[in-house]
Amino acid sequence: MLGRAFQCLCLLLLFLVVPIAVHATDVQATLDRSTIQMGETVTLNLHVNGDISNVAMPDLSPLEQDFDILGNSQSSSINIVNGQRSAELVIGVVLRPKHAGTLAIPSLAVAGSQITPLQLQVAPANPATAAATNKSVFMEAEVEPKQAWVGQQLSYVVRLYVSGNVTNGTLDSPQVGGVQLRQMGGDLRYDKVRGGREYRVFERRYALVPQHAGALTIPALGFHGVALDPNDPNSFFGAGSQVSAGAPAQTVQVQAVPANWGQSAWLPARALSLSLTGWPDAGTSVHVGQPINLRMALSATGLSGDALPQLSLPAIRGATVYPDQPKTATAEDDAWLQGSSERSFAVVPEQAGTLTMPATTLRWFDVTSGEVRTAEIPAQSITVLPAAGTAAASSAATPASAPATAPVATASANAAWRNMPWRWIALASLLLWLLTVLAWWLWRRRPPRRSAVGVTVNNGAVAGSAGQRKQAFLAVARSGDAPAQLRDLLAWAQAERPAIRNAGELQAALTDAAQRRAIAALQRQCYGDGGSTANLDLAETFKRGFAWSAADGAGDDGLPPLYPFKLH
């Protein structure tokens, strides 16, 4: 009886909860453009996700203070992914501003929820193009800014104005050499009045990133279509008249990277931010061996994600840093690219005391002000306690019945007795380490075995002298096996510089740009986006040996570089 009563109670709770989950909705509001001119239209899209079965048209009267409501439409979609059903209803409202300025879209009530207020910038009508309004079809083009730097993103906009019935239209795409070109989103469609005549406007946006200095010319674009005359019966059978229009060519002066910029990554951006999260505060206890999980994030406006440098932490004394694979992404915000990169790190303290992470700095160039700026993560410190259990074990070893007034000499003797086993363990570890070093030294002095390439192979890693490891690397340099190439290259470097721990430190210790680029390409092939190394001649790049920097040959002082990012 108790079990059946419990089942009935569960069913009752299920019937009460399910209707709430079914009817839960999520409402968002967006504008298809954030800036328009007087006479143009903008579409307010209301997105309803969840239960869309009984969604009514919202009250749009609050919009009538600043806008003329020209019409509305609805579209719905249902998606089923892995058995999960989702539904979306989009209500589109076409608005025309009544005056210029910053106009507010108020918080409307939609499907029982309030939308977030939005803002729209409305500029006065531009009379400069009024001469073209006597045509049924014409085009405009503009590029911003008119002067730029190598690597800086340009915003290129093409607008097609159509009045009347035009069909079978084709619009050219820009063909520009020496730039990276990317279309920003889909085509925008809106209405605009020019000289008392109403046009349908088709707007297309592009992001252009010049790769070379000099005059950059964006050629004229053309449009071709067929105009239909409603008063001509033959127009309904495809016998309309041909119409065409062209957008004027645009020219931008591109400046080279400043000669005094140095070897750090060139980052021409409109805005840039660098942050680090996860560092413990002063009140958080951290013990030896306990990992500290950090997340570094870099975002930039006007740069794509693949143009950002690889994130890294500076060397931290008394700790080992284990980096995760970096993640990059590129989003679109109106006319500008939004590049982002993030990377996670595990910092493991190796000794008790004060653990300090040095400051991390990144130089970038502000294209809006023409000034060099620095993004910085300040230095941070934390106190590291002994490994968990050590202090507790020492406390447990003290007899509970010991008098509080015990002499100091007796307490010191007890402490020395408790620490005695650890001293013996430390002494034994030191002796074992010395024996290991002696055995390694004797093994290095033994005659090498004969093999096909003159080196000894153990567990897939190349062993032997620096010359033997160099020959082993040159043997696989043209094999196309990037992991083997990176492994043998690092083994060769460690034979010459034992302090080198990974490929990143090897890359930082070299002065030859070709060798640094080759190491970066190998790392991307093994750990990053899977780029190809087919165009690299690794054997030619490294046949004369490593181009060590003078500072690296003098020894590592353990201090991090002022700017940890390198130009690849």
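## Strand S9 and its partners

In strand S9, Gln121 is the bridge partner of Thr102, and the structure in which this pairing is found is a predicted model. Thr102 lies within the reach of a wider pairing, since strand S6 (residues 101-105) runs antiparallel to S9 and is joined to S9 over five bridges. Gln121 of S9 is also the bridge partner of Thr35, and here the pairing is of the parallel sense, with three bridges between strand S2 (residues 35-37) and S9.

Which residues of S9 make up the covered face, and which the uncovered one? Along strand S9 (residues 118-123), Leu118, Leu120 and Val122 form the covered face, whereas Gln119, Gln121 and Ala123 form the uncovered one. Gln121, the bridge partner of both Thr102 and Thr35, therefore belongs to the uncovered face by its place in the strand.

## A buried lysine

Lys192 is found in strand S15, which covers residues 188-194. Is Lys192 buried or exposed? Its relative accessibility is 3%, and because buried means under 20%, Lys192 counts as buried. The side chain of Lys192 has a polar contact, at 3.2 Å, with the side chain of Gln37.

## Salt bridges

The model contains 13 salt bridges, among them one between Arg159 and Glu203, whose closest N and O atoms are 2.9 Å apart. This pair connects distant parts of the chain, with Arg159 in strand S12 (residues 154-162) and Glu203 in strand S16 (residues 197-210), a separation of 44 residues. Both Arg159 and Glu203 are buried.

A further salt bridge is formed by Arg182 and Glu332, with 3.5 Å between the closest N and O atoms. Here too distant parts of the chain are linked, as Arg182 is in strand S14 (residues 179-183) and Glu332 in strand S26 (residues 327-333), 150 residues apart. Arg182 counts as partly exposed because its relative accessibility is 33%, and Glu332 counts as partly exposed because its relative accessibility is 36%.

Arg501 and Glu505 also meet through their side chains in a salt bridge, at 2.6 Å from N to O. With a relative accessibility of 56%, Arg501 counts as exposed, while Glu505, at 23%, counts as partly exposed. Salt bridges with shared partners also join Glu142, Arg159, Glu203 and Arg205 into one network.

## Helix H5

Why does the span of helix H5 agree with expectation? Helix H5 (residues 482-496) has 15 residues, so that at 1.5 Å a residue the expected span is 21 Å, and the 22 Å between its end C-alpha atoms agrees with this.

The buried residues of H5 are Ala482, Ala484, Gln485, Leu486, Asp488, Leu489, Leu490, Ala491, Trp492 and Ala493. An α-helix has 3.6 residues a turn, so residues three or four places apart point the same way.

## The loop at Ser549

Ser549 sits in the loop that lies between helix H8 (538-542) and helix H9 (550-553). Its relative accessible area is 17%, and Ser549 is therefore buried. When neighbours within four places in sequence are left aside, Ser549 is in contact with Ala509 and Thr511.

Notes: Residues numbered from 1 in each chain as written. Predicted model: local features only at pLDDT ≥ 70, side-chain atom pairs only at ≥ 80, totals over all residues. Heavy atoms only, no water. Helix = DSSP H or I, 4+ residues; strand = E, 2+ residues; numbered from the N terminus. Buried < 20%, exposed > 50% of the residue type's maximum accessible area, 1.4 Å probe, protein only. Polar contact = N/O pair within 3.5 Å; in protein donor to acceptor, adjacent residues only side chain to side chain. Salt bridge = Lys/Arg side-chain N within 4 Å of Asp/Glu carboxyl O. Expected span 1.5 Å × (residues − 1). Contact = heavy atoms within 4.5 Å. Pairing = 2+ DSSP bridges.
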